[in-house]
Amino acid sequence: MNTDLQDFGDVDEGSVVLSFWPSIHVDDKDIEGVREVLGPLTYIAGYCVFIVVKKLKCDACKSNLTVDKTIEIDENYGLIFKLDRGQLLCPTPNAVNAIVHNYIIIKKLCFDFEDDFIASENPRKIALKLSENYLNSENLFEHDCDNKHSHEKILKMLLWLSTNIFLNNYCKEKNNQSRKQTAKQKNRKLQTLK
């Protein structure tokens, strides 16, 4: 995975972003819908936090983005503890919340607006911008750093990493579906030839 976080640039505000924006909202029903995958999303948030902390080398950011592994935390952190070999970090609920909202927005883009989203010039930038706008407009992510790492920079880094993961998984899922469909067509042809 490319963790070299370059300048993300702005997506043309007059283009596709604003055409999706009015239709994408995250409500309580959406949040309830991700309860079953909250463990894996927490793990992904931990990975994203690990990369951000590693890249910035900032103790203030680390303390704002992670919780102590030795305290009692809920079952959503179970996957982190099962797979931990010493390096995984437990993300704060604030970081998990940002990743969960990003997941919901990308899921909506990939299923509700699939054709337009996939046909767009840069789906990753669109997903990133929509998630960033939504989290900022709803004040759903907070970050204070003594070393001048801005709230916007940390949020953008977390969203960039998680967006890559979610879109990569989406592409793999679509490729698997395509392979299964091709295999079914081959089987059908073989049966008609017999």
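**Order of the secondary-structure elements along the chain.** Read from the N terminus, the elements of this predicted model follow the order α-α-α-α-β-α-β-α-α-α-α. The secondary structure of the chain amounts to nine helices and two strands, and 42% of the 194 residues of the chain count as buried.

**A surface patch of positive charge formed by lysines.** Four residues, Lys54, Lys55, Lys57 and Lys153, gather on the surface in a patch of positive charge. Within this group, Lys55 belongs to helix α3, which spans residues 38-56, and Lys55 counts as partly exposed because its relative accessibility is 40%, a value that lies between the limits of 20% for buried and 50% for exposed. Lys57, another member of the patch, is found in the loop between α3 and α4 (59-65), and with a relative accessible area of 71% Lys57 is exposed.

**Backbone geometry at Lys57 and Asn139.** Most residues other than glycine have a negative phi. Lys57, although not a glycine, has a positive phi of about 50°, and a positive phi of about 50° is likewise found at Asn139, which is not a glycine either. Asn139 is located in the loop that runs between α8 (123-137) and α9 (151-193), and its relative accessible area of 60% makes Asn139 an exposed residue, since the limit for this class is over 50%.

**The cysteines Cys61 and Cys145, without a disulfide.** The structure holds zero disulfides. Cys61 takes part in none, and the cysteine sulfur nearest to that of Cys61 belongs to Cys145, at a distance of 3.5 Å; a disulfide would require the two sulfur atoms to lie within 2.5 Å, so the pair is not assigned as one. Seen from the other side, Cys145 is also in no disulfide, with the sulfur of Cys61 as its nearest cysteine sulfur, 3.5 Å away. Cys61 counts as buried because its relative accessibility is 1%, and Cys145, at 16% relative accessibility, counts as buried as well because the limit for that class is under 20%.

**Leu79 in helix α5 and its approach to Gly39.** Leu79 lies in helix α5, made up of residues 78-83, and is partly exposed, with a relative accessible area of 29%. Although Leu79 and Gly39 are 40 residues apart along the chain, a separation of 6.2 Å is computed between their C-alpha atoms.

Technical notes: Residues are numbered from 1 along each chain as its sequence is written. This is a predicted model: local features need pLDDT of at least 70, side-chain atom pairs count only at pLDDT 80 or more; totals for chains, interfaces and linings use all residues. Side-chain values use heavy atoms; hydrogens and water are left out. Patches are made of residues with over 30% relative accessible area and no salt bridge: like charges are joined within 9 Å, nonpolar side chains (Val, Leu, Ile, Met, Phe, Trp, Tyr) within 5 Å. Accessible areas come from the Shrake-Rupley method with a 1.4 Å probe; for residues, only the protein chains shown count as cover. A salt bridge is a side-chain nitrogen of Lys or Arg within 4 Å of a carboxyl oxygen of Asp or Glu. Lys and Arg count as positive and Asp and Glu as negative; His and the chain ends are not counted. The place of a charge is taken as NZ of Lys, CZ of Arg, CG of Asp or CD of Glu. Helices (H or I, at least four residues) and strands (E, at least two) are DSSP runs, numbered from the N terminus. Buried means under 20% relative accessible area, exposed over 50%, partly exposed in between (1.4 Å probe, protein chains only).
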